[in-house]
Amino acid sequence: MRRNNVRGPTSALTEFLRESGISHDLIRRRALQRGQPEAGPSNAPADGNPAEPGEGEQTAGPSAPEDAEDMYTALSKSLWANKSSGPKPPVGGFEKCAKCSKQFTVTKYTMAANPPPGYLHLAGSFQEAAAPRKRKAPAEKRGAASHEERKVPTLVSSCIKIISRHISDVEAFGDIGSVNLDRIIRALCRNRSLTPENATLFYDVKNTNLTIYDGTKLEPPALTTLSQLNPNLTSLRIDFCGHLNDPVIDAWSTSFPALTRLELLGPFLIRGPAWISFFQSHPNLKGFLLNQSPRFDLACMSALANSCPNVTELRLKEVGKLDDTFLQYVSSFKHLEQLDLSSPSVSCSEDGMIGVLHARGAQLTHLDLSGHDDLGDDFLMGGIQTYAPHLVSLKLNNLSALTDEGVAEFFHDIARAPHVGTLALPALLECTSSTLSVLDINSWRETTTEALSNLADAKELRMLDIGWNRAVDDFVIKAILDGCPKLEELKCWGCNRVTAQFPRKRNVSVIGVESHVHNNASY
C-alpha cells in the first residue's frame with residue numbers, strides 16, 4: 001500500500017492518457033468489445049480458464065496499480081499487428097497506407113489498420129498532412145519599418161480614376177472651363193496617367209490653346225488623332241513627346257493650318273526633312289521652342305529662317321548641333337524678342353554672340369545663354385551692356401569665364417557665377433533694387449556679409465535664392481526678412497552658418513536650412 005502520493009517519472013503519452021481519462025480498464029473493455037485479446041501479458045491458460053495465482057504472486061487490480069503494464073505499451077501492442085493483415089512487413093520496407101494510399105517506410109511504430117487489412121501511415125492515420133507554410137514575400141520581409149503605406153487614396157487619385165472610368169460619358173461633366181481643364185490635365189500628367197483613351201477629354205474643335213505636360217503614353221496614332229480633333233489650335237505645347245516621329249509631323253503640316261506657336265520637349269525621333277516640310281507649311285509661325293532634339297541641324301535652321309521670318313520667340317535648348325553657323329540665321333529674325341540658346345554641346349564664341357546682339361539686341365526682352373563656357377566679361381561689356389538695354393530677364397548660368405570685376409559693371413539678374421559677388425551684388429542692387437522681384441545668386445561664393453545685407457533694400461523682392469553663399473548667417477537672414485516686406489520664399493541651401501535658431505517671419509518660407517533638411521522642414 002502506498003503511504004504517499006509521490007509517483008515516479010512517467011512518459012508524456014502516459015500523462016496525456018491519464019489527463020484524458022483513458023485508463024487500463026477502459027482499454028481492456030474496448031479490446032473485449034472488438035473481440036481482441038486483452039492488451040498486455042495474460043496469465044490465463046490456453047483453455048481460457050483463469051489460472052490460480054501462485055505462491056508469492058499478487059493479482060493485478062486496483063490494490064496493485066503499480067504492477068499493471070504501462071498503458072502506452074498496451075495500446076501499441078493491441079494495434080501493432082492484425083491477424084487478418086498477415087505478418088508485419090520488415091522495418092525499412094515499403095508499404096502503401098490503407099487510408100491515404102501513400103507509400104511510406106515501415107518503422108517499428110507502424111500500426112495495423114483497423115479494420116484490416118493493411119497498415120497505416122502515421123501522418124495519414126492520426127492527422128491530415130500539414131499544409132505547407134506560406135513563405136513571406138521578400139518585399140514583405142525587407143520592408144522598411146519607418147515606411148507606412150497610404151491606405152486611403154488621395155483626392156487627386158480618386159478624381160483621376162473617376163474621370164478615366166467615365167471618359168465615355170464626358171458630356172456629363174458639362175462646361176468645365178479652361179482653368180479647371182488645365183488643372184485636371186496637370187493632375188493626370190503628374191501621375192503619368194494621361195493615355196490615348198482619357199486624353200480625348202481635352203480635345204475640342206473650339207480649342208485654340210492646348211498644353212500636355214506629359215505625353216509619355218501618347219504614341220504616334222494618338223498624336224495624329226490630337227491634330228485631327230483640334231484643327232483650330234494656334235498654340236500647342238507637349239512635354240516628353242518621345243513618340244513624336246516624322247509621320248506625325250507630316251500629319252501636323254496639314255492638320256494645324258492656324259498654328260503659330262509650337263513648344264516641344266524631347267522630340268528625339270524627328271529628322272531634318274520632316275522639320276523642313278513643317279516649316280514650309282507654316283509660314284505664320286511666331287513661336288518655335290525646341291528642347292532636346294539631336295537631329296535638328298543647320299538645314300532645319302535655314303528652313304526655319306527662310307520660311308518663318310516673323311518668329312518672335314525662339315528656343316533651341318540642348319540642341320546638340322548648335323554652333324556658330326546657326327547664329328547668322330538667328331540674326332535674320334527681324335522681330336525676335338525672346339531668345340534661348342542654352343546648354344549646347346559646344347559653346348558659341350563671344351564674337352558670334354556679340355554679332356547676334358548687335359543685330360537684334362535692341363528688341364530682346366528675354367535672353368538665356370546658360371552653358372556657353374566661352375562667354376566672359378567681354379561679352380557682358382561689349383554685348384549685353386552695349387546692345388541689349390531692354391532686357392527684363394537674363395539667365396547666364398554656369399558661365400565659368402565670368403569674373404567678379406566684370407559682373408560688377410553689369411546691371412541685371414545673373415546666377416551661378418562662382419567667382420563673383422563682392423563687387424557685383426552691390427552694383428546689381430544699385431541699378432535694380434526698386435523693381436527687382438526675383439533674384440537668384442546661388443553659388444556666388446565670394447559675396448560678403450555686408451553685400452548680402454544690402455538685399456534688404458530690394459523692397460519689391462518676392463523670391464530669393466542665396467544658396468551656397470559662404471557669408472550667409474543668421475544675421476543676414478534677419479536683415480533680409482526685416483527689410484523685404486513682400487518676400488515670400490527664401491532659399492538658403494548649403495549655407496552652413498545658418499543655425500537652427502535662425503529668425504523666422506510669418507508667411508515667409510525659408511527653405512534649405514541644414515539642421516532641418518532631414519526633417520523636410522520649411523518655415
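Modeller: A strand pair needs at least two DSSP bridges between the two strands. This is a predicted model, where local features need pLDDT of at least 70, side-chain atom pairs count only at pLDDT 80 or more, and totals for chains, interfaces and linings use all residues. Residues are numbered from 1 along each chain as its sequence is written, and side-chain values use heavy atoms, with hydrogens and water left out.

Colleague: What makes S8 and S9 a pair?

Modeller: Five bridges join S8 (residues 287-291) to S9 (residues 313-317), and at least two are required, so they pair. The two strands run parallel, and Asn-291 stands opposite Lys-317 in S9.

Colleague: How do you know that S9 pairs with S10?

Modeller: Three bridges link S9 to S10 (residues 338-340), again in parallel, so the at-least-two rule is met here as well. In S10, Gln-338 is the bridge partner of Glu-313.

Colleague: Which helix does the chain pass through between S9 and S10?

Modeller: Helix H12 (residues 324-330), in a right-handed β-α-β crossover. S8, helix H11 (residues 298-307) and S9 also make a right-handed β-α-β unit.

Colleague: Why is the S8-H11-S9 unit called right-handed?

Modeller: Because, with the strands pointing away from you, the path from S8 over H11 to S9 runs clockwise.

Colleague: How many helices and strands are there in the chain?

Modeller: The chain has 18 helices and 16 strands, counted as DSSP runs (H or I, at least four residues, for helices; E, at least two, for strands).

Colleague: What share of the residues counts as buried?

Modeller: Of the 523 residues, 39% do, meaning under 20% relative accessible area with a 1.4 Å probe, protein chains only.

Methods. Buried < 20%, exposed > 50% of the residue type's maximum accessible area, 1.4 Å probe, protein only.
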